[in-house]
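Me: I'd like to go through this one label by label and hear what each call rests on. Can we start once the structure is up?

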Amino acid sequence: MTPEPTANDQKRSQARGFLGQLEPEIEALAQCVDRAEALMQRIQRTHELRAERLSAETAALRGGLYTEAAALRRELYQVRRLVEAIAFRFPTVILRNVSALD
């Protein structure tokens, strides 16, 4: 006779499923932040190499990228906090891809 799953087992299973859904979200957000920051750096380097001042249009683009990257970092931080809260509540739930949190 097999024991019936307890409410805690069901919650742990649900937490595992939720973490599985968050992992790709974390990875996608991290990649978007990296791309936006890399593009900002490339714009800055290009203008430094040419010894030019940023045009108003380029400065606006860079400012928009900075704003977008900041918003993505905030969202990434919130998702990481969710993961930490789940890991704190269910320490036996193991993430498959812990590197996504770094």
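Reply: Sure, starting with Phe18: Phe18 has a relative accessible area of 35%, so Phe18 is partly exposed, where buried means under 20%, exposed over 50%, and partly exposed in between, with a 1.4 Å probe and protein chains only. Before going on, this is a predicted model, where local features need pLDDT of at least 70, side-chain atom pairs count only at pLDDT 80 or more, and totals for chains, interfaces and linings use all residues. Residues are numbered from 1 along each chain as its sequence is written, and side-chain values use heavy atoms, with hydrogens and water left out.

Me: What makes you list Leu82 and Ile86 as touching Phe18?

Reply: A contact means heavy atoms within 4.5 Å, and Phe18 touches Leu82 and Ile86 on that rule, leaving aside residues up to four places away in sequence. Phe18 sits in helix 1. Its C-alpha is 9.0 Å from that of Val83, 65 residues apart in sequence.

Me: How do you know how many helices and strands the chain has?

Reply: They're DSSP runs, numbered from the N terminus: H or I over at least four residues for a helix, E over at least two for a strand. The chain comes to two helices and zero strands.

Me: Why is the span of helix 2 called close to the expected one?

Reply: The expected span is 1.5 Å times one less than the number of residues. Helix 2 has 34 residues, with 50 Å expected, and reaches 49 Å from its first C-alpha to its last.

Me: Which residues of helix 2 are called buried?

Reply: Thr58, Leu65, Ala69, Ala70, Leu72, Leu76, Val79, Val83 and Ile86 are buried there. Ala71 is also found in helix 2, but at 33% relative accessible area Ala71 is partly exposed. Ala71 and Val33 are 38 residues apart in sequence, with C-alpha atoms 9.0 Å apart. Over the whole chain, 25% of the 102 residues count as buried.

Me: What makes Arg73 and Glu37 a salt bridge?

Reply: The rule asks for a side-chain nitrogen of Lys or Arg within 4 Å of a carboxyl oxygen of Asp or Glu. For Arg73 and Glu37 the closest N and O atoms are 2.4 Å apart, and the pair forms a salt bridge. Arg73 lies in helix 2 (residues 56-89) and Glu37 in helix 1, so the bridge ties together parts that are 36 residues apart in sequence. Arg73, at 32% relative accessible area, is partly exposed, and Glu37, at 26%, counts as partly exposed too.

Me: How many salt bridges does a search of the whole structure find?

Reply: Two salt bridges. Arg12 and Asp9 also meet in one, at 3.0 Å from N to O. They are three residues apart in helix 1 (residues 7-49), so about one helical turn separates them. Asp9 counts as partly exposed, at 35% relative accessibility.

Me: What else does Arg12 touch, beyond residues up to four places away in sequence?

Reply: Arg12 touches Phe90, Thr92 and Val93. The C-alpha atoms of Arg12 and Val93 are separated by 6.9 Å, with their positions 81 residues apart along the chain.

Me: Why is Arg89 said to lie over the face of Phe90?

Reply: A charge sits over a ring if NZ of Lys or CZ of Arg is within 6 Å of the ring centre and within 35 degrees of the ring normal. Arg89 is at 4.6 Å from the ring centre of Phe90, and lies over its face.

Me: What share of the contacts between residues at least 6 apart joins residues at least 24 apart?

Reply: That share is 73% in this chain.
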